[in-house]
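Trainee: Before we discuss pockets, please show me the structure.

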Amino acid sequence: MNEYWSALAGGLLIGLSAAVLMVANGRVAGISGIVGRLLQGVQAATGFVFVVGLISGPVIYRLFAGTWPTVTVTSSWSLLVIAGLLVGFGSRMGSGCTSGHGVVGLARLSRRSVAAVATFMIAAVVTVYLQGFFQ
């Protein structure tokens, strides 16, 4: 499958799922909030279905593309764990994650989300820039 078509399909599915969750439940499709509520036992049914949908993405991709998506990870497990913990901490500190602020918050023209996404992007650019010094 052409890489552009799969990216387009993925983006459309993300937007569709965010819109359906907002219309059906009045909830923002922020992954950190959904997983956090799921772990606390709040709105477990909706959160469980949403997380199962996220995890089943590669299986659905295989059904349509005929092959598993290619993923290459070149970092160490310890670095991945540290990065994951920092992302979790940052999403709690920022009252949301990139999916909630970037997909839904920007679409709703939320000033807080614009500030959060700008912060995410600046941090990403700085991280990529600094990464060049350590390789």
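Mentor: What follows is about pockets and their linings.
Mentor: This is a predicted model, in which local features need pLDDT of at least 70, side-chain atom pairs count only at pLDDT 80 or more, and totals for chains, interfaces and linings use all residues. Residues are numbered from 1 along each chain as its sequence is written, and side-chain values use heavy atoms, with hydrogens and water left out.

Trainee: What makes a space a pocket and not a cavity?
Mentor: On a 1 Å grid over the protein atoms alone, a cavity is a set of points where a 1.4 Å probe fits but cannot get out, whereas a pocket is an open set with protein on both sides within 12 Å along at least five of seven lines. The largest pocket holds about 820 Å³, a volume being the space filled by probe spheres set on the points, which are joined across faces, edges and corners.

Trainee: Which residues of its lining are closest to the centre of the largest pocket?
Mentor: Gly-10, Leu-13, Ile-14, Gly-53 and Gly-57, out of 28 lining residues. Lining residues have an atom within 4 Å of a point.

Trainee: Which helix gives the most to that lining?
Mentor: H1, with 10 residues. Helices are DSSP runs (H or I, at least four residues), numbered from the N terminus.

Trainee: How many residues of the second largest pocket's lining are nonpolar?
Mentor: There are 12, beside six polar and no charged. Ala, Val, Leu, Ile, Met, Phe, Trp, Tyr, Cys and Pro count as nonpolar, Asp, Glu, Lys and Arg as charged, and the others, Gly among them, as polar.

Conventions: Helix = DSSP H or I, 4+ residues; strand = E, 2+ residues; numbered from the N terminus.
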